There are 4 protein chains.
Amino acid sequence: MFSKRTDLALEARELWQESAEKTTRLQGVKATKQKQEGYPTTRVDILDERGEQALGKPQGSYLTIDLSTFWQRKADFFERAVRAVGSQLKALIPQEGAALVIGLGNSAMTPDAVGPLTLDSVLITRHLIASMPKHFSGFRPVAAFRTGVLGTTGVESAEAVRGLVAEVHPALIIAVDALASRRCERVCATVQLSDTGIVPGSGVGNHRWALNQETLGVPVFAVGIPTVVDAATLAADLLEGSGIQSVDEETLRKSHQNLMVTPRDIDQQVRDLSKVVGYGINWALQDLEIEEMNALLS
Amino acid sequence: MFSKRTDLALEARELWQESAEKTTRLQGVKATKQKQEGYPTTRVDILDERGEQALGKPQGSYLTIDLSTFWQRKADFFERAVRAVGSQLKALIPQEGAALVIGLGNSAMTPDAVGPLTLDSVLITRHLIASMPKHFSGFRPVAAFRTGVLGTTGVESAEAVRGLVAEVHPALIIAVDALASRRCERVCATVQLSDTGIVPGSGVGNHRWALNQETLGVPVFAVGIPTVVDAATLAADLLEGSGIQSVDEETLRKSHQNLMVTPRDIDQQVRDLSKVVGYGINWALQDLEIEEMNALLS
Amino acid sequence: MFSKRTDLALEARELWQESAEKTTRLQGVKATKQKQEGYPTTRVDILDERGEQALGKPQGSYLTIDLSTFWQRKADFFERAVRAVGSQLKALIPQEGAALVIGLGNSAMTPDAVGPLTLDSVLITRHLIASMPKHFSGFRPVAAFRTGVLGTTGVESAEAVRGLVAEVHPALIIAVDALASRRCERVCATVQLSDTGIVPGSGVGNHRWALNQETLGVPVFAVGIPTVVDAATLAADLLEGSGIQSVDEETLRKSHQNLMVTPRDIDQQVRDLSKVVGYGINWALQDLEIEEMNALLS
Amino acid sequence: MFSKRTDLALEARELWQESAEKTTRLQGVKATKQKQEGYPTTRVDILDERGEQALGKPQGSYLTIDLSTFWQRKADFFERAVRAVGSQLKALIPQEGAALVIGLGNSAMTPDAVGPLTLDSVLITRHLIASMPKHFSGFRPVAAFRTGVLGTTGVESAEAVRGLVAEVHPALIIAVDALASRRCERVCATVQLSDTGIVPGSGVGNHRWALNQETLGVPVFAVGIPTVVDAATLAADLLEGSGIQSVDEETLRKSHQNLMVTPRDIDQQVRDLSKVVGYGINWALQDLEIEEMNALLS
């Protein structure tokens, strides 16, 4: 089978189900559906090594919130999306201790900029609490870090974060990153939350540059936002959907390498969704209303 | 047949040839190939109404320069690409008189920003010649205009340009715009030059907001740079290439609307290609070496 | 006397009063003070040629709104400042007809970017009314134009605007520009409105590139925002304030040429004030609440 | 005496000499002058505690290169300035081992952006040497870090750098920062190099958040670029230069607080000078010609 690229556990499960083995039962994986603020939410739990093997992702919980109705721009869209993302994230993370929020990705490449852009909407409080402890006693300490990209830093994100963890001693890390989805309709319209950290390249097992509890010593929660579809994956899906079974992977990869599928108004969508996620993180970490966040971030 | 989207005359001709009518001969169109600085260049001349009808584009000459070898980044890539684009454009335009260079498109959306970005590399001389005629007697007068987008100006590009033409009285207009190609390999790797002006929507005939000799009273030369492939067009091409004949247009459009295919490093590629085109325009208009342009534009 | 640079009529009057002639009465100028939304507002009317001569500015009304209390960031600061600027502007302009809003200045130089930045907060409606007249019947037609700078366009702002006026036929023009103030405390804290248009260089009389009723055929209202103090002017004021009477202009100019005094956080202040002015223009032109503007501009 | 703000050792010495104590000799400080590529260069060595006390800066060497002739834009200005800065820096730093280059300051505030902007012109090699040791054996390992500002990170620059040092183990740190000068003619026209690290607030002694050998365990070389003059300092200098002896500090501070003096074209000058400094750092660290840097950084 053509190896399709996806960073969503939800889609890895779909791909498994579509594959030849679908006659057998998917062992070690549990999937449940619910609604959150009216948004369909799917939870995929990878329970053991069989699940890891089947879906190619580490054990843990993966929640995918489908915000596509959000994009209809009804009057209260922003508030509802913030609450949906925020309350799910809140349920996932430890309820106490300092948080370090990491924005991964390249701020100079629009579809990859969703991590650093999100940080612009996160309320940074650690330094305020340190210098004015009485005034800011109602806030949870939050620090932020933009990793930049290897080509402009020379330092792996995991190295830089490990160094920072040794100084800041956070109780948890929230890492925000752009993802690739397999489906056009999920691009800039879904958010995946997980408690597994981020393994660059999405492999299972010990990856040297993973950002997770094992490498960093603190729990790492990932917030992933699909902003692109890999063009070769889209092509393969289209062909298979039309009954072509034997897609030649090499040819398809070659003719579509370095290409991605994105919304035409990706610049605007990435800005909008980054703000939803940033406010969602504030919702999960602080005891604040959205209007209060507006006032503090203006 | 599925109506595929392309702004390249070269591809309109390819589509015609692929279509059912390919048994008949394409009347009113002449195509020739040559090399320019080593880059393959195709010239499509639409000679009469039969050609207009067949290709859906107005009469005139369309040159497509394939710069893909350019992107191999050999030592002299930039200079050669500038000369290739510049000398072809020079052969197309009047050799005397003031030029007005128009950058169409939205500078806030990367694939659409190629027009305004190009202007940053065009040597602007009109005001210098006016104020210091002796010092700048060796230059041709060049002015520039960034049209912006309708949503932020409230004014159609053609209206704004018409007003400016009445003040500036240029002998010719060069209009730079982003295009959609049908083929991934042509994206950010080709330049189309034409002497037909730009008809928004690519229709033939009297379009109210066209930028051409008819509406503006001066010859309009278009420099078009494909930066995206329409996702539905890519999908249709893939399916047809695999022997699926009856592609359901409506379904395909619906599932891919508002999506485009671009290079992953579109930000960088648009910047690079804009500089090639800007310098190419200088090459066509002024009697300057590339190093002299560097010095004047720094 | 040292020739101090100011673009504010209010300050031109102050300078006249400080000068040797202060024993005589200032003829042809009337000044009145009032409060607007709690902000001190000074109106200087230049009534005839004597006033023009004395203050070096064309006949007409100049309103200076002192927003410095605004910067204390009280809860309702933004709304109050918008209403103060908006209602004064509304009282100055014709109550009907299409408006063309011009943003003068260089968007790449922070203190000069206040004009183009303001346009980002102005509601553009002309194209919407043209295409959907029924839906937008409640709005006044507004178009916008960013002149850019001569070095990147080759076209004088007045030429470009004149061309646009011939196409758009506005009933009035509102031109937004950065000013130089003489006083540090007025920088990024005041707005000057006038019905005289803008004369680049601030001279009286027929200036070829003026933007006013005479050159454009429609009334031109200027919104000026002081963002800098000329460093030589500051120096001269300091020295004279300390009893030094004979300031050597040439020496002072030479050692301070090309220098300006601005707030340390000029980037933020220019962004904030541009939004106040943009919303103020909406307040003057449309029948909308601030919350409605938020919704339409998001 | 009015306490004038300067970050240049050269000017601290000038201030001392102007002060009442100028009848006594300045102990513990040595100053020498030379030319570097035609640029006047002053070296101030603070030799002991007496020197520290007198100039308010830690012991060490401070080189100030006056690039003002550079700004005359003679044909070879860029190359000469790069060589002047680069060769002086090279003479100051250890000749072997990995370097970590730190860009301090706020990239969203132009006069403070010189640190992060400089990093855009520094050749980053650490990751290339790690992954392709044979191909990049001719390069010295260089990593980079943009500290951001406390308000958007919640982490002191010194904390973040300390964490990174523990991971990257550099042999030396080069920290680039914007400075305040006392003299307008030095703004955007001089570079100060020192081997003392950076003490935020410029105090002597143990500062908790200093970036120096003591706090970071590796030698820290500072590259400082004056981009502003404190407006109150300029005012005091003007008044004293005119014979006013008793300047009231409180009044002057109050009326000029939060104001700075900068060049009108600060955006362009900061970009230009950042490139000179970035290339100068490459010159000091790598064995490369300027043309080779151009090719590697394009």
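This passage describes a strand of chain C and its partners, a charged surface patch, and one residue of chain A in a predicted model.

In chain C, strand S3, which spans residues 60-66, is mostly covered, with 6 of its 7 residues buried. Strand S2 of chain C (residues 39-46) runs antiparallel to S3(C) and is joined to it by 6 bridges, and within this pairing C:Thr42 stands opposite C:Thr64. S3(C) also pairs in the antiparallel sense with strand S7 of chain C (residues 190-194), in this case over 5 bridges, and here C:Ile65 is the residue that faces C:Val191 of S7(C). In a regular strand, side chains alternate between the two faces of the sheet.

At the surface, a negative patch draws on chains A and C, being formed by A:Asp76, A:Glu79, A:Asp287, A:Glu289, A:Glu291 and A:Glu292 together with C:Asp76, C:Glu79, C:Asp287, C:Glu289, C:Glu291 and C:Glu292. The elements that contribute two or more residues to this patch are helix H12 (290-297) of chain A and helix H12 (290-297) of chain C. One of the patch residues, A:Asp287, is located in the loop between helix H11 (266-285) and H12 of chain A; A:Asp287 has a relative accessible area of 73% and is therefore classed as exposed, the cut-off for that class being over 50%.

Elsewhere in chain A, A:Gln34 belongs to strand S1, which comprises residues 29-36. Because its relative accessible area is 38%, A:Gln34 is classed as partly exposed. A:Gln34 and A:Ile65 are separated by 31 residues in sequence, while their C-alpha atoms lie 9.6 Å apart in space.

Key
Residues are numbered from 1 along each chain as its sequence is written. Chains are lettered from A and ligands numbered from 1 in the order in which they are written. This is a predicted model: local features need pLDDT of at least 70, side-chain atom pairs count only at pLDDT 80 or more; totals for chains, interfaces and linings use all residues. Side-chain values use heavy atoms; hydrogens and water are left out. Buried means under 20% relative accessible area, exposed over 50%, partly exposed in between (1.4 Å probe, protein chains only). Helices (H or I, at least four residues) and strands (E, at least two) are DSSP runs, numbered from the N terminus. Two strands pair if DSSP finds at least two bridges between them. Patches are made of residues with over 30% relative accessible area and no salt bridge: like charges are joined within 9 Å, nonpolar side chains (Val, Leu, Ile, Met, Phe, Trp, Tyr) within 5 Å. Accessible areas come from the Shrake-Rupley method with a 1.4 Å probe; for residues, only the protein chains shown count as cover. A salt bridge is a side-chain nitrogen of Lys or Arg within 4 Å of a carboxyl oxygen of Asp or Glu. Lys and Arg count as positive and Asp and Glu as negative; His and the chain ends are not counted. The place of a charge is taken as NZ of Lys, CZ of Arg, CG of Asp or CD of Glu.
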